[in-house]
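Please open the model in your viewer and keep the sequence panel beside it, since this tour moves from one selection to the next. At each stop you will be told what to select and what is there.

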Amino acid sequence: DCRQDGSPLGEKGGRAGYLFNATIAGIEEADAVLLIGTNPRQEAPVLNTRIRKIWRNRVVPIGLIGERTDLTYAYHYLGSGPETLAELAGGAASFAETLMKAERPLIILGSGAVARPDGAAILNLAVKAALKAGAVKQDWNGFSVLNTAAARVGGLDIGALPGPQGMNTDQILNGCGSGGIDVVYLLGADEIDMRRLGKAFVIYQGTHGDEGAHRADIILPGSAYTEKFGTYVNVEGRPQTARRAVFPPGDAREDWAIIRAFSEVIGRPLPFNNLHELHQRLYKDVPHLEHIDVVRPADASMLQDLAAAEGKWNAAAFINPVKDFYLTNPIARSSTTMALLSKLRGELTSLQAAE
């Protein structure tokens with residue numbers, strides 16, 4: 001859960017650098033919206049309906065930097081990439097005045113803008129644009145990052161990032177391809193190019209037998225979300241819990257139990273023996289996760305650090321990360337219903353293009 005250059009998303013801005021700070025309900029308070037490198041209709045349909053609601057009820061002006069697309073509401077197309085964003089951050093773009101006149105401008109930064117090698121520089125520009133527009137003030141933080149991966153905010157909250165001597169995803173894959181890395185542990189990791197793993201010995205822990213499982217030398221069957229107790233964190237930073245509906249089949253185990261057993265085997269036992277002990281350590285290290293269904297606002301003042309950080313961006317256009325709404329994760333890709341919907345959608349798109 002970090003940019004391709006290996007640096008954590010929002011490392012200098014704290015949680016304010018990676019949360020949807022305005023909150024989902026807070027969208028309805030916005031009086032101007034800027035979308036950067038995102039298609040919320042594909043990436044977060046429920047969130048997109050909130051934007052459509054304020055557009056219909058109050059004719060809120062909406063600007064888009066990135067790919068042109070049908071969002072179900074009208075918007076001002078500003079440009080395709082970083083150059084337009086830089087102009088906006090400097091106050092030169094035409095939509096900049098609209099944002100500055102707004103009482104509660106909302107800046108939504110998508111993965112299509114930051115999940116690229118120059119992601120740090122794009123993040124810097126987006127924060128500058130938000131501060132220039134007055135989107136960050138005492139009673140309103142309109143700078144909001146829209147993460148597409150379900151586990152990303154929770155992962156960032158607990159610090160699941162490369163350490164000082166660690167490697168980012170690209171470096172790991174390069175190491176595997178060159179033979180410098182012998183063993184790779186894929187913890188439900190299916191959204192990578194498995195061909196780049198080379199001859200590395202692959203251990204896969206997961207549930208639905210996706211790309212990672214097909215490449216694996218050893219499979220450790222985990223539990224699906226319906227088969228375990230879990231804590232999930234949404235884009236706002238709101239912790240939520242899920243209870244087990246059924247027990248996992250066969251030899252499958254809850255993920256924490258597999259990791260605890262694995263740590264024993266390699267001689268580095270983790271300091272917990274049951275779910276209660278794990279939760280106690282989790283809440284000690286990350287206290288806000290104990291407050292279920294509560295959004296703890298991030299310290300917005302830390303965004304100043306992100307604005308001060310300079311970076312070099314390239315002129316490549318932003319590309320939206322979601323290409324097929326129905327096949328965005330291993331669970332969906334294992335569904336015959338979702339496969340049929342994807343096929344039907346593809347046929348409809350082809351017909352529309354032919355017309």
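Begin by selecting Ile 107 and Phe 143, the latter in E7, because these two residues stand opposite each other, where two strands count as paired if DSSP finds at least two bridges between them. Before going further, please note that this is a predicted model, in which local features need pLDDT of at least 70 and side-chain atom pairs count only at pLDDT 80 or more, while totals for chains, interfaces and linings use all residues. Residues are numbered from 1 along each chain as its sequence is written, and side-chain values use heavy atoms, with hydrogens and water left out.

**The paired strands**

Now widen the selection to strand E4 (residues 105-110) and strand E7, which run parallel and are joined by four bridges. The names of helices (H or I, at least four residues) and strands (E, at least two) refer to DSSP runs, numbered from the N terminus. Next, show the side chains of E7 (residues 143-146): are they buried or exposed? Phe 143 and Val 145 on one side are buried, and so are Ser 144 and Leu 146 on the other, which leaves both faces of the strand covered. Here buried means under 20% relative accessible area, exposed means over 50%, and partly exposed lies in between (1.4 Å probe, protein chains only).

**Helix H8 and strand E8**

Select helix H8 (residues 169-178), and colour Leu 173, Gly 175 and Cys 176, which are buried. Seen down the axis of H8, its buried residues fall within an arc of 160°, so they line one face of the helix; the arc is that of the directions from the helix axis to the C-beta atoms. On the other side of H8 you will find Gly 177 and Ser 178, which are exposed. The cover over the buried residues of H8 includes E8, so that strand is the next selection. Within strand E8 (residues 183-187), pick Leu 186, which counts as buried at 4% relative accessibility. Which residues is Leu 186 in contact with, leaving aside its neighbours within four places in sequence? They are Ile 192, Met 194, Leu 197, Val 202, Ile 203, Tyr 204, Gln 205 and Gly 212, where contact means heavy atoms within 4.5 Å. Then add Ala 89 to the selection: Leu 186 and Ala 89 are 97 residues apart in sequence, and their C-alpha atoms are 39 Å apart in space.

Val 183 is also found in strand E8. Select Val 183 with Phe 201 and Ile 218, and switch on the surface, where these three make a nonpolar patch of about 240 Å². Patches are made of residues with over 30% relative accessible area and no salt bridge, with like charges joined within 9 Å and nonpolar side chains (Val, Leu, Ile, Met, Phe, Trp, Tyr) within 5 Å. The accessible areas come from the Shrake-Rupley method with a 1.4 Å probe, and for residues only the protein chains shown count as cover.

**Salt bridges**

How many salt bridges are there? The count comes to 19, a salt bridge being a side-chain nitrogen of Lys or Arg within 4 Å of a carboxyl oxygen of Asp or Glu. Select Asp 210 and Arg 333, whose side chains meet in one of them at 2.9 Å, N to O. Asp 210 lies in the loop between strand E9 (201-206) and helix H9 (211-215), and Arg 333 lies in helix H13 (residues 330-333), so the pair ties together parts that are 123 residues apart in sequence. Asp 210 is buried, with a relative accessible area of 9%, whereas Arg 333 counts as partly exposed at 30%.

Move on to Asp 217 and Arg 215, which form a salt bridge with their closest N and O atoms 3.6 Å apart; Asp 217 is partly exposed, with a relative accessible area of 43%.

**Helix H10**

Select helix H10 (residues 255-265), beginning with Ala 257, which is partly exposed at a relative accessible area of 26%. If you also select Asn 57, 200 residues away along the chain, you can check that the two C-alpha atoms are separated by 50 Å. In the same helix, H10, are Glu 264 and Arg 260, four residues apart, about one turn of the helix. Their side chains meet in a salt bridge (2.8 Å, N to O), and Glu 264 counts as partly exposed at 45% relative accessibility, while Arg 260 counts as buried at 14%.

**Two backbone angles**

Finish with Thr 23, in the segment before strand E1 (32-36), which has a positive phi of about 70° although it is not a glycine. Asp 293, in the loop between helix H11 (275-285) and helix H12 (303-308), likewise is not a glycine and has a positive phi, of about 65°. Asp 293 is partly exposed, with a relative accessible area of 46%.
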